[in-house]
Amino acid sequence: MKAGIIGIGHSKFGRRDDVTVQELAFEPFVEALNDAGIRRQDIDATIIGASPVYMTQRSIAGPITEYLGLNPQPVWLTEAACGSSAAALRTAYALITAGMHEIVLVLGVQKMLENPTSEILKIMGRSGDVQFEAPFGTTFANYYAMYANSHMAKYGTTSEQLASVAVKNHHYGSMNPLAMFQKEITIERVLESQIIASPLHLFDCCANADGSAAIILANEEKSKQLSDTPIWLSGLGAATAPFSLLTRPELTTLSSAVEASQIAYAQAKVNPSDIDVAEVHDCFTIAEIMAYEDLGFTDRGKGGEFVEEAYLGGKIPINVDGGLKAKGHPIGATGCSQVYGIVKQLRGEAGKNQVDGAEIGLAHNIGGHGQYCLIHILSR
Amino acid sequence: MDTVNIALFTFFRGEDETMKQFGYKNYISQSKIGERFLKALREGRLEGTKCSQCSTLYYPPRATCKECLTDKFIEPSEFSGKGKVLSFSEVHIPPAGFERFAPYTVTVVDLKEGGRVVAWVDDVTDPLKIGEDVLVKPEVIEGDRVIYRVLRGKDITISSEELAVTEEFKVKAKRLMNKVAIVTGAGKGIGREIALEYAREGAKVVVAARTKSDIDSLVNEIMELGGEAIAITCDVSNVEEVNRLVREALENYQRVDILVNNAGITRSALIAKMTDDIWNSVININLTGTFNCIRAIAPHFMKKRPLGGKIINFTSTAAKYGNVGQAAYAASKWGTIALSKTAARELARYKVNVNCIMPGYIDTAMTAGTPAVYKEQTIAQIPQMRIGYPVDVAKIAVFLASSDSDYMTGSILQVDGGLRM
């Protein structure tokens, strides 16, 4: 049994004080419906991907489905921190391949900026161990900064290499009208920006954002019937790692990503070198460098040198929609946003950022500071 | 590095407050092994657990064995606290509640016996290195919460005497440790006392005034106290000089946390006889000077969000009640209140607190020339029956500069012994 993506939608990411969370969910929902050419009555179930702790509205799945007019079909929320909507997509895949539903809507949505930055940092800090880590004022930048320091000490990765990831992703973000930031930056600009948690500068960090993205997934029969170009979910991998640094074996890799990608490659029967285009979870520049290695795109320790190969025309173009870095990171929406970017590529609809002849794409979505990883391999 | 120094470096910044931010209550004692764990921590020991069946060591301790899925074989196991730095990072932009500590260094330490702790390192005068040998010491605060501190240096064993030194430091915890403050009008009177008090509380002080000799002698006095200060001459009514003051302060210390707009003058004349010169000079220094300084520092404070800053302005009881012959002074001081409240509103979102101190009759050069009869009459009206001293005001200025007043902005604190309540 296969599952295909027949419709996609993506809101503008950024500060979205102009809409409520329901209205924000509405934008990609309608776009995805139109894209799939179906009516909302055709949707059998909805899975919302969101991290509820950032939003004033509790139990968010109910209010959203009511607003979208999806009652009485079933809905629920999946939460895996920043991997919430990739987890929702995995759940939808399971429902479809089990034969329980024919068409499932996956909707990632997040309004983070209802909270001031320091509150967001506090909420995120509690994704670490509240008893033995968070009381020290740990933040996500702090965790990834510790990974960066370890990577630098072990492999000689440099601040310039970290900065070059930001430069690349902002370059592609400048061509993405849905991105939060649409301006090019330079290595100097990154290195001159404020230190957030040493050695990470402001421009090494993605921005908290509001945003939403939707994916409509259908079973094989419906996919073929409704779409000329269904994009198949050909490999799914999910894995976890110890959530606390107190027990994480190694700080230069996210073992969850290694595990999850191997499972996904095996299911899709492909190797890392077969991937034509990838979206990786660049919440911080070091995260993208670790992803190159964890996904097997380059050798362990060589991530810093691989950035040049991640441009269009390189070995594997990565985050050519701007990544989390330039698009912004509304955490519940990011997983769907990544899949949206890959679907656009595989359909040949990515415009100036199109990877020629892309057949196989990969989306790598991390939750927390590495405790969850969800990989989706997509193919034409 | 000698051992005494190591003990001194263990001085910890306001640890009680840290945990309050999170409101974690009884987190440790809830655990099945919590009481025992806490007892060890209170004794300064790291007691983890061990599963005697599979020999797995746990720190932080676990009440159940992860491998054997039972608590039957769990027994206490002593950890030395010795370990190596696995990784670290200096946090400059902290989460809510931690602003007052930033920047601070978080480290993960691999304990020699196994297990890890996340800890704070206070002494980073020498850059921390991955793989560096350190000693971890626990400290229980508020009955049930633990802070781990990292001790550095070659000889990282510490004696009880040295711990006593640390204790003494903790008791005398300085409220403005590592903060950078600009104090205008610091040459004399209240400003001078504030600069000294700030230095005693651990702040680095940029002392500014028009008369160079006054502030040079103040810097010497602060240095003799073991504090740190620089002198910059500045007339606050001159925009260029104010901009230079802020620029030089930032060049010296890279940041400013506190601005005290204390510079002020008084020149008296009845309204009918008040010249333009008197009116303008008083308004220009007291009101426009305060505005100039706030305008110059605001972009820096805004950029520092969420660390923000503290602005302390000076009004006077003369503003509240008026004073014969002091039309310019009273008007400038009432204007300062309106300026402060506006600044408080504009800058609140950047975590900048703007408050006013309203001194009453204080024994300074400004009041020294008062005729003795008037002085006696005024003191007779003060419920506390004494003149105020600069230190009375300086203590309030410390409070307004410290994290104790984080939830106050746009306020006026009257320091007048009850004179104009």
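Confidence in chain B of this predicted model averages a pLDDT of 86, with 86% of the residues reaching 70 or more, where pLDDT is the predictor's confidence in each residue, from 0 to 100. Within chain B, the lowest mean, 32, belongs to helix α1 (residues 3-9) and the highest, 98, to strand β12 (residues 258-261); helices (H or I, at least four residues) and strands (E, at least two) are DSSP runs, numbered from the N terminus. Residues 1-23 of chain B have a pLDDT below 50, yet beyond near neighbours in sequence this stretch has 54 contacts in the model, a contact being two residues whose C-beta atoms, placed from the backbone, lie within 7 Å. Where pLDDT is low, the predicted coordinates should not be read in detail. For the model, ipTM is 0.85 and pTM is 0.74.

Residues are numbered from 1 along each chain as its sequence is written, while chains are lettered from A and ligands numbered from 1 in the order in which they are written. Because the model is predicted, local features need pLDDT of at least 70 and side-chain atom pairs count only at pLDDT 80 or more, whereas totals for chains, interfaces and linings use all residues.

Chain B has 13 helices and 15 strands, and 46% of its 421 residues are buried, meaning that 20 or more other C-beta atoms lie within 10 Å of the residue's own (exposed: 12 or fewer; partly exposed: in between; C-beta atoms are placed from the backbone). Of the contacts in chain B with a separation of 6 or more, 68% are between residues 24 or more positions apart. An automatic or database domain assignment gives domain 1 (3-171) and domain 2 (180-415) in chain B. Four residues from each of these two domains take part in their contact.

Between the chains, 31 residues of chain A are in contact with 28 residues of chain B. On the chain A side, α4 (117-125), α5 (140-155) and β5 (195-197) each supply at least two residues, and α5(A) gives the most, with seven. This side divides into 16 nonpolar, twelve polar and three charged residues, counting Ala, Val, Leu, Ile, Met, Phe, Trp, Tyr, Cys and Pro as nonpolar, Asp, Glu, Lys and Arg as charged, and the others, Gly among them, as polar.

In chain A, all nine residues of strand β4 (residues 103-111) are buried. I103(A), L105(A), L107(A), V109(A) and K111(A) point one way from β4(A), and V104(A), V106(A), G108(A) and Q110(A) point the other way. The pairings of β4(A) are set out below; two strands pair if DSSP finds at least two bridges between them.

| Partner of β4(A) | Bridges and direction | Opposite residues |
|---|---|---|
| β2(A), residues 45-49 | five, parallel | A45(A) and V104(A) |
| β7(A), residues 210-219 | nine, antiparallel | L105(A) and I216(A) |

The largest nonpolar core (a set of buried Ala, Val, Leu, Ile, Met, Phe, Trp, Tyr and Cys residues joined through C-beta atoms within 7 Å) has 170 residues, of which I48(A), V106(A), Y144(A), A214(A), I215(A) and I216(A) touch the most other members. The largest share of this core, nine residues, comes from α5(A). Apart from its neighbours within four places in sequence, I216(A) is in contact with residues including I5(A), A32(A), I103(A) and L105(A). A second, separate core of 73 residues includes V180(B), V183(B), A328(B) and Y361(B). The buried residues of α4(A), among them I120(A), L121(A) and M124(A), pack against α5 of chain A.
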